[in-house]
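The following note sets out points for a colleague's consideration. Please read them alongside the sequence and the coordinates shown here.

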Amino acid sequence: MARSSRSSSSIRWRYLNPAYYLKRPKRLALLFMAFVFVSFFVWDRQTIVMKHEEELSILKEEVERLQNELGELKHEGGVSVTKNNASTKHVDVTKKGGLASDPIEAERREKVKDAMVHAWSSYEKYAWGHDELQPQSKNGVDSFGGLGATLIDSLDTLYIMGLDEQFQRAKEWVADSLDFNKNYDASVFETTIRVVGGLLSAYDLSGENVFLEKAKDIADRLLPAWSTPSGIPYNIINLAHGNAHNPGWTGGDSILADSGTEQLEFIALSQRTGDPKYQQKVENVILELNKTFPADGLLPIYINPHRGTTSHSTITFGAMGDSFYEYLLKVWIQGNKTADVKLYREMWETSMKGLLSLVRKTAPSSFTYISEKIGNSLIDKMDELACFAPGMIALGSSGYGPDESTKFLNLAEELAWTCYNFYQSTPTKLAGENYFFHSGQDMTVGTSWNILRPETVESLFYLWRLTGNKTYQEWGWNIFQAFEKNSRVEAGYVGLKDVNTGMKDNMMQSFFLAETLKYLYLLFSPPSVISLDEWVFNTEAHPLKIVPRLTQRKPNNVRVRARKEGRFGGSRI
Ligand code: DMJ
């Protein structure tokens, strides 16, 4: 047995002996072929693995690169616009700078956002697609011709607050259901500031073409209003037929604010479409008014659209005058403060001289206010509407030399204190519609309703941004709490019929969502969120991106340059 096992083991070992193969060349050849085959097999597997690993690492790098790019885009100065293909333009506002701020600011911002969610979801539930919600009776009303005013006015607020699902639903409604072909006599002013402004802002923020297309559609329907002998527009136009006229109660005249508050929107539309016709119409109004512009820059509220001259009527920074002055300044800002828009700044500065002549102080508390004027007589009255002026003055103050700049900023701060006291002086802590100033009594409420107006918080927002003084945040917070206490109801927010008794009305104005809540939200957000260096707010608080001005002589060059820079969201329409 031992012998036989020794011999079988030596038989096995003989295959390892080279002499064995030298004597058997066929087996040698077979062994060689087997070796080549196995080597090739192993080498091939390794190559495949290596190739996969290489591909994987390339893919990983690509993912990392894209992630970085996305991160950069999200955190690019103030708001960001993608640099590539224009059709993917989109502004990231909510994540910019992480929205990090002190915990009180963050908590207050969330409370304001909750208020927006409450207002919006009530509108969605009870008034979807209508102009405004009546929260007490829980139904919608079409106060602007059935253009979905609240929905359009809310688009940018939803976007800025990061309410993405709500924004998407609103966008779908705009795309599928918004129809401007209405046999309705619309206000050119209201339709411009809410609808054209709201759509353009939504376009600038989201880059979605549908908003620009709709803005162009409605602006084209409004344009015939400017076809008057002077170019001063009629203030009312039928959206389906294009017949324009003025309201009967003005005696045939056009209203100053209604005629001089379309410049930002129509200039922006020309910039974004490359079509100068919108810009031409509205700039012509300013050129016409400049022909007879008085030395104090103050224009009465009625203008004859045939002659282009003003009629004997009130001079005011409140109702029917207000936003004309606001737009003189803001077109200068929108135009990058260049020589092309110098006239606007000059006219605005002239008007500020006039404003100074209207400034008075109350007794005994020395509140500064802006009076009104008829002929040579000053009227000791100020609308809450005129409380936009502190913000405007603060915004324009930096364009002056150092002394004037300080003087105007101080004035803005004094006026803001007065406006804040319009709120603080009533039992509900909400301001009335206007105030009278009698010696010895400081301020007395005149018309005592409050319809959720934004002007005071708008000014607080500008003053906080421009001075960094947190007092303005405190004042804004107090006003917000008063709205929460008096105006919040089960289905939205209502105004008050009387700020003394707190009796509620039945209307949630669209500007509460467009302006009041947006300015409050921004008051508690970092200044980089909708930076004032990059955006200009229209009078309905719709931020429009500041882009190079469309030079009327060379629209094509500007268009090509703009497209190369990827500044506009979509293809030109
Ligand atoms: C808004 O529609 C605009 O701010 C307009 O310029 C004046 N009034 C309301 C809000 O009060």
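How many bridges join β3 to strand β4, and in which sense do the two run? The points below begin with this pair; the model is a predicted one.

1. The β3/β4 pair. Three bridges join β3 to β4, the latter comprising residues 236–238, and the two strands run antiparallel. Within this pairing, Ser187 is placed opposite Ile236 of β4.

2. The sheet that contains this pair. The strand order is β3-β4-β5, in an open sheet of three strands with antiparallel pairing. The edge positions are taken by β3 (185–187) and β5 (244–245); each has a single partner strand, so one side of each is left without a neighbour in the sheet. Helix α7, formed by residues 188–206, packs on this sheet and touches β3 and β4. The direction of α7 makes about 65° with that of β3.

3. The ligand and its surroundings. Which residues surround the ligand? They are Phe189, Ile193, Arg194, Leu385, Arg453, Pro454, Glu455, Phe511, Glu515, Thr539 and Glu540. Phe189, Ile193 and Arg194 of this set fall within the residue range of α7.

4. Polar contacts to the ligand. Two acidic side chains approach ligand oxygen atoms: a polar side-chain atom of Glu455 lies 2.6 Å from an oxygen atom of the ligand, and for a polar side-chain atom of Glu515 the distance to a ligand oxygen is 3.0 Å. The backbone also contributes, since a polar backbone atom of Thr539 is 2.7 Å from an oxygen atom of the ligand. Taken alone, the ligand exposes 290 Å², and the protein buries 93% of that area.

5. Helix α4. Does the length of this helix agree or disagree with its residue count? Helix α4 covers residues 103–127, and at 1.5 Å a residue its 25 residues should span 36 Å; the C-alpha atoms at its ends are 35 Å apart, which agrees. The N-terminal end of α4 is capped by Asp102, with a side-chain oxygen 3.0 Å from the backbone nitrogen of Ile104. Just after the helix, Gly129 adopts a positive phi of about 85°.

6. The second sheet. Another open sheet of three strands, again with antiparallel pairing, has the order β12-β13-β14. Here β12 (381–383) and β14 stand at the edges with a single partner strand each, so one side of each is left without a neighbour in the sheet. On average, and with direction ignored, neighbouring strands of this sheet are turned by 30° against each other.

7. Pairing around β13. On one side, β12 and β13 are paired in the antiparallel sense over three bridges; Lys381 has Phe436 as its bridge partner in β13, while Met382 has Tyr435. On the other, β13 (residues 434–438) and β14 (residues 442–445) are joined over four antiparallel bridges. Phe436 has Thr444 as its bridge partner in β14, and Phe436 is also the partner of Lys381.

8. The hairpin. Which residue in the turn between β13 and β14 has a positive phi? These strands form a hairpin with three residues between them, and Gly440 in the turn has a positive phi of about 90°.

Key. Residues numbered from 1 in each chain as written. Predicted model: local features only at pLDDT ≥ 70, side-chain atom pairs only at ≥ 80, totals over all residues. Heavy atoms only, no water. Pairing = 2+ DSSP bridges. Contact = heavy atoms within 4.5 Å. Axes fitted to C-alpha atoms, helices over the stretch in contact; angles between N-to-C directions. Near = heavy atom within 4 Å. Polar contact = N/O pair within 3.5 Å; in protein donor to acceptor, adjacent residues only side chain to side chain. Areas by Shrake-Rupley, 256 points an atom, 1.4 Å probe, with all protein chains shown as cover. Expected span 1.5 Å × (residues − 1).
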